[in-house]
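Visitor: I'm new to reading protein models. Could you walk me through one, starting with pockets?

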Amino acid sequence: MSATMDFQTAATLGGHLAKTYAKDFFELLVTYKDISASEAASRLNLHIQTAQDFLEAMTALGILKKVEVYEKKRPYFRYTLEKEKIRLEIDLTKLQRAKNSGVLSQRIRERRNTGARFSTARSGLAISSVIIWTGEGRDRQERKINLTTPQGKFLYHLPFPNAEPLSIEEIMRKAGLDEGLSPEIEDIVGVLEDLGVIEGM
């Protein structure tokens with residue numbers, strides 16, 4: 001298993017490899033020509049369902065293959081090692097949100113009466129964090145979002161609720177930010193829009 005995996009597949013594989021019995025399972029699979037779930041469970045002193053789940057998961061990932069056999073007309077599966085090497089490789093660049101060419105032209109400003117608190121950085125020319133209250137009544141909780149330096153500079157130039165909205169691109173220009181920083185700016189704008197702190201026009 002050497003091809004680059006998507007994140008979910010890698011997480012599934014990693015979760016199973018982290019099991020305390022995973023190494024013992026693979027030692028069995030390397031040693032035996034094939035093995036059933038009940039044989040593996042007995043050998044490793046595990047519940048048969050635990051063994052079954054592990055073997056099925058490895059089969060779904062293409063690491064094992066299974067063959068249905070019959071014993072006294074009763075079918076069951078035997079599992080064989082399909083891959084002798086597992087390489088867990090993830091292309092992290094694929095996790096970046098797809099760029100939307102229209103996002104930078106979106107006009108935004110701070111929403112009125114949100115109760116959000118913008119904390120100014122020591123430099124005085126950026127915002128260091130945004131504090132928002134979520135939930136209602138006794139379930140209200142304070143959520144603090146710490147900002148990166150570019151995000152802080154961007155939000156420092158975010159138009160106030162009573163000001164004319166500006167496009168994300170214009171605000172970035174006022175903040176002196178390079179266009180290459182747009183992914184993290186778009187990310188924080190999306191988060192604050194979802195929380196009702198920023199409104200788009």
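Guide: Sure, terms come first: helices (H or I, at least four residues) and strands (E, at least two) are DSSP runs, numbered from the N terminus. This is a predicted model, where local features need pLDDT of at least 70, side-chain atom pairs count only at pLDDT 80 or more, and totals for chains, interfaces and linings use all residues. Residues are numbered from 1 along each chain as its sequence is written, and side-chain values use heavy atoms, with hydrogens and water left out.

Visitor: Which elements each supply at least two residues of the lining of the largest pocket?

Guide: A pocket is an open set of points on a 1 Å grid over the protein atoms alone, where a 1.4 Å probe fits, with protein on both sides within 12 Å along at least five of seven lines; lining residues have an atom within 4 Å of a point. Here, α3 (37–44), α4 (48–60) and β3 (74–81) each supply at least two. β3 gives the most, with 5 residues. Among the lining residues are S36, E39, Q52 and Y76.

Visitor: And how do I read the sheet with β5, β6 and β7?

Guide: Two strands pair if DSSP finds at least two bridges between them. In this open sheet the 3 strands run in the order β5-β6-β7, with antiparallel pairing. β5 (117–120) and β7 (141–146) are the edge strands, each pairing on one side only.

Visitor: How many bridges join β5 and β6?

Guide: β5 pairs with β6 (residues 127–134) over 4 bridges. For example, R117 has I131 in β6 as its bridge partner.
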